[in-house]
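This report describes the contacts between protein and DNA in the model shown below, followed by selected features of the protein backbone. Please keep the sequence and the structure in view while reading.

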There are 2 protein chains.
Amino acid sequence: MCPKETDEQKCPDQHNSTECAKHLMPVRDALDMLSGKWKIPIIIALTYGNYRFKELHRQIGITPKMLSKELKELEMHQLVKRTVYDSTPVTVSYELTPYAASLRHVIDALRDWGLQHRKRLMPKSKPAA
Amino acid sequence: MCPKETDEQKCPDQHNSTECAKHLMPVRDALDMLSGKWKIPIIIALTYGNYRFKELHRQIGITPKMLSKELKELEMHQLVKRTVYDSTPVTVSYELTPYAASLRHVIDALRDWGLQHRKRLMPKSKPAA
DNA sequence: TATATCGGTTTCCTAAGAGATACCAGATAG
DNA sequence: CTATCTGGTATCTCTTAGGAAACCGATATA
């Protein structure tokens, strides 16, 4: 999101496109923050407490490369705080910032809709095997 | 989502992984329905009224291939209704189903968070140029 | 001296997402 | 007879997301 906003998306021509961008852009911003394979698992893991890098790596099964990338993004967006302890070997702890709590409502909305949608589309099949 | 659920995601080992999947899977489901470049633009366009295929194509600037794919998915998920009129040439109209209204709350939550997040991260820069 | 730990980074690779372009059949308008 | 409209498909290409594996320097343990 932040670096540049050349993201030119068109829209129905009832409304001019800046008007439309104003509707789309924030949704895109939020979605960019949550989509991808690992953001939600990481955030949910961190709601249960602080974790060190290798702990996250092992526990959610993400490769170090992805984990490093995702954590950097989350930190840039002020959702995660990174703390280095100069123990030996160094340990680095990751925790959610208080601001991250603001995502709660969004994630809840997603989960609620996802739950009822699954029920609607597969009424009697396997209940989350 | 629907076809198969082999999507094995791990999770912090405080909770067993089925427990954790129960948290993650619905969020994934919802996110799958909304992420990607075109779902939201299409849905928002259709909230302003019915559109024919070529109209959507021209107005939101999506290629026919992608549009076709996205509309099929939305229809499969009962969010969009497709109606064929045997005028000449045939016209096909797409509209949101009443069920699609259930997404309203989710999209609003995303937009609200996106708006305040943008303000937080870029307090005084360009206001959606 | 060898091995393991820590938090990453680097390189290589594949699969998926997405764009560009051409094309189709049927009918009508010029 | 040709061009144009419709709702799409098919093919080719490029870009991005993501995984696998090896590696790094510093330190501790065996």
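In this report, a residue is called buried under 20% relative accessible area, exposed over 50%, and partly exposed in between, as calculated with a 1.4 Å probe on the protein chains only. By that scale, Gln78(B) is partly exposed, because its relative accessible area is 31%.

The model is predicted; local features require pLDDT of at least 70, side-chain atom pairs count only at pLDDT 80 or more, and totals for chains, interfaces and linings use all residues. Residues are numbered from 1 along each chain as its sequence is written, chains are lettered from A and ligands numbered from 1 in the order in which they are written, and side-chain values use heavy atoms, with hydrogens and water left out.

## Contacts with DNA strand C

A residue is counted as near a strand if one of its heavy atoms lies within 4 Å of it. Around DNA strand C there are 21 residues, of which Ser68(A), Arg82(A), Tyr94(A), Lys37(B) and Lys65(B) come nearest. Of the strand C atoms within 4 Å of the protein, 59% belong to sugar or phosphate, and the rest belong to bases.

Helices (H or I, at least four residues) and strands (E, at least two) are DSSP runs numbered from the N terminus. At least two residues of the surface near DNA strand C come from each of helix H3 (53-60), helix H4 (64-76) and strand S3 (91-96) of chain A, and from helix H4 (64-76) of chain B. H4(A) provides the largest share, four residues.

For the composition by class, Ala, Val, Leu, Ile, Met, Phe, Trp, Tyr, Cys and Pro count as nonpolar, Asp, Glu, Lys and Arg as charged, and the others, Gly among them, as polar. The surface near DNA strand C consists of nine nonpolar, four polar and eight charged residues.

## Contacts with DNA strand D

DNA strand D is surrounded by 21 residues, and the closest are Lys37(A), Lys65(A), Ser68(B), Arg82(B) and Tyr94(B). Of the strand D atoms that come within 4 Å of the protein, 66% are accounted for by sugar and phosphate. H4(B) gives the largest share of the surface near this strand, four residues. By class, the surface near DNA strand D holds eight nonpolar, five polar and eight charged residues.

## Polar contacts with phosphate oxygens

A polar contact is a pair of N or O atoms within 3.5 Å; within protein, one must be able to donate a hydrogen and the other to accept it, and residues adjacent in sequence count only if both atoms are side-chain atoms. The table lists contacts between side chains and phosphate oxygens.

| Residue | DNA strand | Distance to a phosphate oxygen |
|---|---|---|
| Lys72(A) | DNA strand C | 3.1 Å |
| Lys37(B) | DNA strand C | 2.6 Å |
| Trp38(B) | DNA strand C | 3.0 Å |
| Lys37(A) | DNA strand D | 2.6 Å |
| Arg58(B) | DNA strand D | 3.4 Å |
| Tyr94(B) | DNA strand D | 2.5 Å |

Two or more residues of the surface near DNA strand D come from each of these elements: H4 of chain A, and helix H3 (53-60), H4 and strand S3 (91-96) of chain B.

## Helix H2 of chain A and the sheet of chain B

Helix H2 of chain A (residues 39-47) is mostly covered, with eight of its nine residues buried. Among them are Lys39(A), Pro41(A), Ala45(A) and Leu46(A). Just after H2(A), Gly49(A) has a positive phi of about 140 degrees.

Strands of a sheet pair through backbone hydrogen bonds, in either a parallel or an antiparallel manner. Two strands are taken to pair if DSSP finds at least two bridges between them. In chain B, an open sheet of three strands shows antiparallel pairing in the order S1-S3-S2. Its edge strands are S1 (51-52) and S2 (80-85) of chain B, each of which pairs on one side only. S1(B) and S3(B) run antiparallel and are joined by two bridges; Arg52(B) has Ser93(B) in S3(B) as its bridge partner.

## Backbone features in the loops

Most residues other than glycine have a negative phi, and most peptide bonds are trans. In chain A, the peptide bond from Thr88(A) to Pro89(A) is cis, with omega near -5 degrees, and Pro89(A) lies in the loop between strand S2 (80-85) and S3. In chain B, the bond from Thr88(B) to Pro89(B) is cis, with omega near -10 degrees; Pro89(B) is located in the loop between S2 and S3 of chain B.

Gln78(A) has a positive phi near 65 degrees and lies in the loop between H4 and S2 of chain A. This residue, Gln78(A), is partly exposed, with a relative accessible area of 32%. For Gln78(B), phi is near 65 degrees, a positive value in a residue other than glycine, and the residue lies in the loop between H4 and S2 of chain B.
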